[in-house]
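Subject: A structure for you to look through

Dear colleague,

I am handing over a structure that I have been reading through, and below it I have set out what I found. Please keep it open beside this message, so that you can look up each residue as you come to it.

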Amino acid sequence: MNVFEIGDIVTIKSHPLFSSTPKRINEFPAQVPPLMLVKEVIYEKEDKKKVYSDVIEKAQIADVVKYVCVFFNANKSEFVEKEVYHSLLDSYLKLKYYKEFKDDAGVTFAIDKTLIDEVITYNKAEAYVFGKRVQFVTKKLEQRKSYNPSSERIPSSSFQTPDFILSGIKNEEQKDLFFQDGKPKRQITKQSYKVMWFNHVQQKFSEHYLPKEFFVEKLEI
């Protein structure tokens with residue numbers, strides 16, 4: 001099992017952009033799951049974790065690896081955390097963004113791999129500077145989703161983030177990371193940034209600590 005790392009971009013396997021054929025998203029925007037970032041990796045002992053059903057033979061019901069995943073709910077202007085098993089997730093590298101272009105033969109489509117390649121080369125916000133403007137690594141990925149016009153007629157759920165201001169920093173205490181036999185128990189970031197943004201729902205400025213791996217230098221969208 002190739003375990004995801006802190007800061008990796010993942011989403012549940014039902015995301016429509018995992019389709020084998022590149023196409024516009026047919027689902028209503030409110031039904032499309034968010035792209036998430038891995039905040040913590042949690043390992044469980046195989047001899048203590050019930051992975052298979054006691055009633056139905058060979059029916060898997062859990063994993064020995066799960067993640068604390070984070071996404072931004074733009075409708076509430078807040079970050080959300082959710083524990084998700086490894087088998088339910090896949091990497092954003094497999095997403096197929098739909099892109100139309102015109103050539104001599106008419107209108108056709110292509111997989112917009114340039115966006116995926118661009119995200120790989122983002123400059124992470126490694127240098128902390130109080131008051132610096134940074135972006136959540138999934139911002140452009142969420143913004144560039146392409147929907148069929150008919151699917152946009154109902155209110156949508158948005159996971160696109162605003163830009164953030166660095167307003168604090170802390171080292172995360174590296175404890176309780178291993179079982180007594182030395183095997184890993186959990187992985188967390190070594191350092192977190194506190195970011196500030198304008199919360200339009202509550203009409204105030206909100207702040208939240210998140211792994212520094214979640215943020216990149218300001219980009220032109």
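The side chains of N199 and S206 are joined by a polar contact of 3.1 Å, and the side chain of N199 also reaches the backbone nitrogen of Q202, at 3.0 Å. Please bear in mind that this is a predicted model, and that these distances are computed from it. N199 is found in strand 11, and with a relative accessible area of 2% it is buried, the cut-off for that word being under 20%. If residues up to four places away in sequence are not counted, N199 touches K76, S77, K204, F205 and S206.

From N199 it is a natural step to the strand that holds it. Strand 11, residues 191-199, is joined to strand 12 by 8 bridges, and the two run antiparallel. Along this pairing, K194 stands opposite Y209 in strand 12, while M196 stands opposite E207 in strand 12. The two strands form a hairpin with 4 residues between them, and Q203, in the turn, has a positive phi of about 55 degrees.

Strand 11 also pairs with strand 9, residues 164-171, in the antiparallel sense and over 6 bridges; here the bridge partner of I169 is Y193 in strand 11. Strand 9 is in turn joined to strand 8 by 2 bridges, again antiparallel, with F164 in strand 9 as the bridge partner of V134. Strand 8 and strand 13, finally, run antiparallel and are joined by 3 bridges, and Q135 stands opposite V216 in strand 13.

Put together, these 5 strands form an open sheet with antiparallel pairing, in the order 12-11-9-8-13. Which strands stand at the edges of this sheet? They are strand 12 (204-211) and strand 13 (215-217), and because each has a single partner strand, one side of each is left without a neighbour in the sheet. Neighbouring strands of the sheet are turned against each other by 45 degrees on average, if direction is ignored.

The next topic is the nonpolar interior. In soluble globular proteins, nonpolar side chains tend to be buried together. In this model the largest nonpolar core has 34 residues, and the ones with the most contacts inside it are I9, F79, Y97, F136, L141, F164 and F215. At least two residues of this core are supplied by each of strand 3 (65-73), helix 1 (113-120), strand 8 (133-136), strand 9, strand 11 and strand 13. There is also a second, separate core of 16 residues, which includes V10, V38, Y67 and L89. To return to one residue of the largest core, L141 is in contact with I9, L35, Y92, Y97, L115, I116 and V119, leaving aside its neighbours within four places in sequence.

Is the side of helix 1 that holds L115, I116 and V119 buried or exposed? These residues of helix 1 are buried, and, seen down the axis of the helix, its buried residues fall within an arc of 100 degrees, so they line one face of it. An α-helix has 3.6 residues a turn, so residues three or four places apart point the same way. The buried residues of helix 1 pack against strand 1 (9-12) and helix 2, whereas K113, T114 and I120, on the other side of helix 1, are exposed.

One lysine deserves a look of its own. K66 has its place in strand 3, and it is buried, with a relative accessible area of 16%, which falls under the 20% cut-off. The side chain of K66 makes a polar contact of 3.0 Å with the side chain of E83. Not counting residues up to four places away in sequence, K66 touches E40, V41, I42, E44, E83, V84, Y85 and H86.

Last comes a loop residue, N148, which is found between helix 2 (139-143) and strand 9. Leaving aside its neighbours within four places in sequence, N148 is in contact with R24, I25 and N26. N148 and Q174 are 26 residues apart along the chain, and their C-alpha atoms are separated by 46 Å.

With best wishes

Note on methods:
Residues are numbered from 1 along each chain as its sequence is written. This is a predicted model: local features need pLDDT of at least 70, side-chain atom pairs count only at pLDDT 80 or more; totals for chains, interfaces and linings use all residues. Side-chain values use heavy atoms; hydrogens and water are left out. Two strands pair if DSSP finds at least two bridges between them. Axes are lines fitted to C-alpha atoms, for helices over the stretch in contact, and angles run from 0 to 180 degrees between N-to-C directions. A nonpolar core is a set of buried Ala, Val, Leu, Ile, Met, Phe, Trp, Tyr and Cys residues joined through side-chain atoms within 4.5 Å. Buried means under 20% relative accessible area, exposed over 50%, partly exposed in between (1.4 Å probe, protein chains only). Contact means heavy atoms within 4.5 Å. The arc is that of the directions from the helix axis to the C-beta atoms. A polar contact is a pair of N or O atoms within 3.5 Å; within protein, one must be able to donate a hydrogen and the other to accept it, and residues adjacent in sequence count only if both atoms are side-chain atoms.
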